[in-house]
Amino acid sequence: MTGIPLTPHPKTVLVTGATGYIGGRLVPRLLEAGHRVKVLVRTPAKIAGVPWLEQVEVVQSSLDDGGALKAALAGVDVLYYLVHSMAGGSGFEAKEKAMAALTAEAAESAGVDRIVYLGGLHPSGAELSTHMRSREAVGKIFLDSPVDAVVFQAGVVIGSGSASFEMIRHLSETLPLMPAPSWVRNKIEAIAVRDVLYYLVGAASLEGPINRTFDIGSRQVLTYAGMMQEYAAEAGLPYRMVLALPVPAPKLAGMWVALTTPIPLSMSLPLVESLQHDAVAREHDIDDFIPQPDGGLTPYRRAVALALGRERDGQVETTWANAGADADPLPSDPEWAGHRVYVDERSYSSPAAPDHVWTIIEGIGGQNGWYSLPLAWSVRGWLDKLTGGAGLARGRRHPRLLAEGEVVDWWRVERIDRGRLLRLRAEMRAPGRAWLELMVEPEGNGSLYRQRAIFFPKGLSGKLYWLAVLPFHSLIFPAMSRNIAAAAQRLAETEPEAKPVPEPERAPKTESEPAGPNA
């Protein structure tokens, strides 16, 4: 349970962006409130492992298909539009506006009562960054459409797995003395993800015609430097000295954030650019429509404590990294897929039972590492970060469990046949496409561990890249297979009876807060 009250008037709602950080958390709370939920996703495999899948209607489509969108909206009362790309490039703003306009038109045609959109806090009259300007424009399109719209405007969202929280956390933990651009002195009103979700759920049950923006926040205003210092205090770190230099330097700061945090350059730049102005609520009119949650809004430091607790306990529901871009899957037979393909295959026999080997396989990456030459993995991760890639610091959502679509460092889970196969697709920068398969099968009284690295080179540079890394592969991959088998054997000795890993439990209810993973 998440503390979301049951609505007396259930609605039929459609959630777009259900594979994203906010959308993936909103769906179960809408269900808990008693609403009938449909989700529109481009790739249903991305939600294959979510616990609420059997309780929703899944519509496979995209927001640029007006006909399919109108069909999906048939019978829908409330549309949640939670889509915003962090990618840039030419035509980005025009594409965002076009999708919003198409959505508004489809909502009107289908007779939708309300559109709910989550935008960003920003001062009026300021020159906004490309992404903030785009979010403002999308909100205006909905407000100008014939369908009533509730447009929430929030600042920095603090919660386990959020990009903003990861940015604050890693910056605070990297250096005790931090020279920083002038924007660290800007005023920021953060908001806990639990409060964002509370308002989003509440918007479905608002009575009467409402067509306006609502600023939402914690009612606690800090500077960005103050947020880092408060984080350090809550995390038990020494006081962080933040020296604000008299230059904004958004691009330089974006590159620094990309190097020192798990956030790639494509996301760190727009995040930093959104901090160039104060982000403070200008009105609190939402109180007249949706009462504050029981116990009041979550203070910043409490939000940090909740987020740290969720990460420590492996109770992170969604992360920014798991909302990745679609990519072509590995062909069923790479050798006959029309590609030049390089393959590195290894196998290792182990006296451990297959269940023990699988436990090690599914727990790979993150804090558990990759079972071979950690320095080599670290160097490759830094090289990836320097070229704008994901690097190794993204970690994983849960220390033991994986689901399709989730991130594991610079990989993404493309397929998981629990107990047998884990296929990871690389998201590192490389001149080609790469996968890593980890498999286990019974062999006599033990098991056979098999491992396969697959690379589709792109042009001559891809072939040269494979030849350059081949000597490292000859060291890394044999050691990896041996060490995974050895780890499984150690696990078998400490836990002779292999048991399936249970689904993570929800945090227990306490007197101080409603139960549920709202951090």
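**Exercise 1. Which residues of H4 are buried?**

Before starting, note that this is a predicted model in which local features need pLDDT of at least 70 and side-chain atom pairs count only at pLDDT 80 or more, whereas totals for chains, interfaces and linings use all residues. Residues are numbered from 1 along each chain as its sequence is written, and side-chain values use heavy atoms, with hydrogens and water left out.

Solution. Begin with the terms: helices (H or I, at least four residues) and strands (E, at least two) are DSSP runs numbered from the N terminus, and a residue is buried under 20% relative accessible area, exposed over 50% and partly exposed in between (1.4 Å probe, protein chains only). By these cut-offs, the buried residues of H4 are His131, Met132, Ser134, Ala137, Val138, Gly139, Phe142 and Leu143. Next, take contact to mean heavy atoms within 4.5 Å; the buried residues of H4 then pack against strands S4 (78–81), S5 (114–120), S6 (148–154) and S11 (212–216), and against helices H3 (92–110) and H9 (265–273). Finally, check the length of the helix, for which the expected span is 1.5 Å times one less than the number of residues: the 15 residues of H4 (residues 130–144) should span 21 Å, and the end C-alpha atoms are 21 Å apart, which agrees.

**Exercise 2. Describe the chain as a whole.**

Solution. Start with the secondary structure, which consists of 13 helices and 19 strands in the protein chain. Then turn to burial, where 53% of the 519 residues in the protein chain are buried. For the contacts, consider those between residues at least 6 apart in sequence, of which 76% join residues at least 24 apart. Last comes the surface, computed by the Shrake-Rupley method with a 1.4 Å probe, with only the protein chains shown counting as cover for residues: the protein chain exposes about 22700 Å², and carbon and sulfur atoms supply 55% of that area.

**Exercise 3. Why is helix H6 described as largely enclosed by the rest of the structure?**

Solution. Helix H6 covers residues 193–203, and 10 of its 11 residues are buried, so the helix is largely enclosed by the rest of the structure. The buried residues are Val193, Arg194, Asp195, Val196, Leu197, Tyr198, Tyr199, Leu200, Val201 and Ala203. Two of these can be followed further through Thr298, which lies in the loop between H9 and helix H10 (300–312) and is itself buried, with a relative accessible area of 8%. Not counting residues up to four places away in sequence, Thr298 touches Arg194 and Asp195, as well as Ala192, Ser218, Ala303 and Leu306.

**Exercise 4. Place Met227 and Gly381 in their surroundings, using burial, contacts and C-alpha separations.**

Solution. Met227 belongs to helix H7 (residues 224–234) and, at 0% relative accessibility, counts as buried. Leaving out residues up to four places away in sequence, Met227 touches Val156, Ile158, Ile168, Ile188, Ala190, Leu222 and Tyr300. The C-alpha atoms of Met227 and Ala190, which are 37 residues apart along the chain, are separated by 8.9 Å.

Gly381, in turn, is found in helix H12 and counts as buried at 5% relative accessibility. With residues up to four places away in sequence again excluded, Gly381 touches Gly391, Leu392 and Trp410. Gly381 and Arg429 are 48 residues apart in sequence, and their C-alpha atoms are 9.9 Å apart in space.

**Exercise 5. Is Lys95 buried or exposed?**

Solution. Lys95, which is found in helix H3, is exposed, with a relative accessible area of 53%. The C-alpha atoms of Lys95 and Asp64 are separated by 9.2 Å, although the two residues are 31 apart along the chain.

**Exercise 6. Examine the backbone at Arg219 and Leu373.**

Solution. The phi of Arg219 is near 70°, a positive value in a residue other than glycine, and that of Leu373 is near 40°, likewise positive in a residue other than glycine. Most residues other than glycine have a negative phi. As for location, Arg219 lies in the loop between S11 and strand S12 (222–223), whereas Leu373 is found in the loop between helix H11 (354–362) and helix H12 (374–386). Arg219 counts as partly exposed at 29% relative accessibility, and Leu373 is partly exposed with a relative accessible area of 41%.
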